Amino acid sequence: MKWMISANGKMYDHAAAFEKFGYLDWRQHANYEVGDIVYIYCTKPYQRVKYKVEVLKTDMHFFECQDDKEFWFNIDEYENSKAGRYARLKLIEQVDTELLSLEHLKGHGLKAAPQGPLKVKDELSEYIDLYMNDAVSEGIFPDSDVSSIIKEGAVVSVKVNKYERSSIARQKCIEYHGTTCKICGFNFKEHYGDVGEGFIHVHHILPVSEIGQEYVIDYEKDLIPVCPNCHAMLHRKDKDGINRTALELKKLISTGKGDIKSEIEEKFRESNVTVDENGTKHRSVNKYSSKKK
């Protein structure tokens, strides 16, 4: 059986709890069976399905549950949750994509935003499963382990770890940091308008080699938003085989901007090109240097 339930992100930090435990002990309001699949629909401001879980246990008492008090935003709600039955829901997939928003779900069999547990029909579950992966998420690297950039005929491998590919990690990061690149200050919406709104990559500051098995990500301190260019440079090793840190790359850009600007201005002067106050380029002609035909 497949189900859909709703989750209020203003009451509980589901992403962080899933990241730490890999499952959640959820108040049981339906007759689940072990092995059932449950899609979790997140209410406003998200209004989309973001998690796919499997039922591991049912009819649990509160004392059998994992202590998750740290993830409750309202302690009174935590205390009120102690009564009743619980089901353990193991995380299978997590994604943050417009393709699983309420409007799209309505087009595939969902009548309205779920208020309580509801059974999911085949048409809807097939649609959700089709897009329940980070390959279709906005603003992040593809779901492959290696992306490539081509520069002067050479292919440079860019290693991307799971936190940078995760749309959930991206969502938590930009909730805190926004969508402006922390390295160069580039903002896609400011440059491209509505089509660039919300687009940004996410960089994991701590090297993967330094992460232990017990590591729990801190979305505010461990991840930063970066534009694709800066992200590629952060993953590209220098001649000594070392990756630059975000701070080092930022300093490199700041010290190089003046030289780049001067070089561009010199190219304009050589080409007799001037730029007016509106940013329009004009080419001047020296009538004395032109040759008569």
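**Figure 1. The largest pocket of the predicted model holds about 600 Å³ of space.** Its lining is made up of 27 residues, and those closest to the pocket centre are Ser6, Met11, Trp26, Arg27 and Trp72. Strand E1 (2-7), strand E2 and helix H2 (75-80) each supply at least two residues of this lining. The most comes from E2, which gives 4 residues. Sorted by class, the lining of the largest pocket contains 13 nonpolar residues, 10 polar residues and 4 charged residues.

**Figure 2. Strand E2 pairs with strand E5 in the antiparallel sense.** E2 covers residues 23-27 and E5 covers residues 86-94, and 5 bridges link the two strands. In this pairing Asp25 stands opposite Arg88 of E5. E2 is also the strand that gives the most residues to the lining of the largest pocket shown in Figure 1.

**Figure 3. Strand E4 is a further antiparallel partner of E5.** E4 runs over residues 48-60 and is joined to E5 by 7 bridges. Here Glu54 is the residue opposite Lys90 in E5. E5 thus appears in two views, paired with E2 and with E4.

**Figure 4. Cys181 and Cys184 do not form a disulfide.** The cysteine sulfur closest to that of Cys181 belongs to Cys184, at 3.7 Å. A disulfide requires two cysteine sulfur atoms within 2.5 Å, so the separation of 3.7 Å is too far for a bond. Cys181 is buried, its relative accessible area being 3%.

**Figure 5. Cys230 lies 3.6 Å, sulfur to sulfur, from Cys227.** Cys227 holds the cysteine sulfur closest to that of Cys230, yet the two are too far apart for a bond. Cys230 is buried as well, with a relative accessible area of 6%. Under the 2.5 Å cut-off, the count of disulfides in the model is 0.

**Figure 6. The side chains of His201 and His231 are joined by a polar contact.** The contact is 3.3 Å long. His201 is found in strand E9, which spans residues 201-204. With a relative accessible area of 7%, His201 is buried.

Conventions: Residues numbered from 1 in each chain as written. Predicted model: local features only at pLDDT ≥ 70, side-chain atom pairs only at ≥ 80, totals over all residues. Heavy atoms only, no water. Buried < 20%, exposed > 50% of the residue type's maximum accessible area, 1.4 Å probe, protein only. Pairing = 2+ DSSP bridges. Polar contact = N/O pair within 3.5 Å; in protein donor to acceptor, adjacent residues only side chain to side chain. 1 Å grid on protein atoms, 1.4 Å probe; cavity = no way out; pocket = protein on both sides within 12 Å on 5 of 7 lines; lining within 4 Å. Points joined across faces, edges and corners; volume = space filled by probe spheres on them. Nonpolar A, V, L, I, M, F, W, Y, C, P; charged D, E, K, R; others polar.
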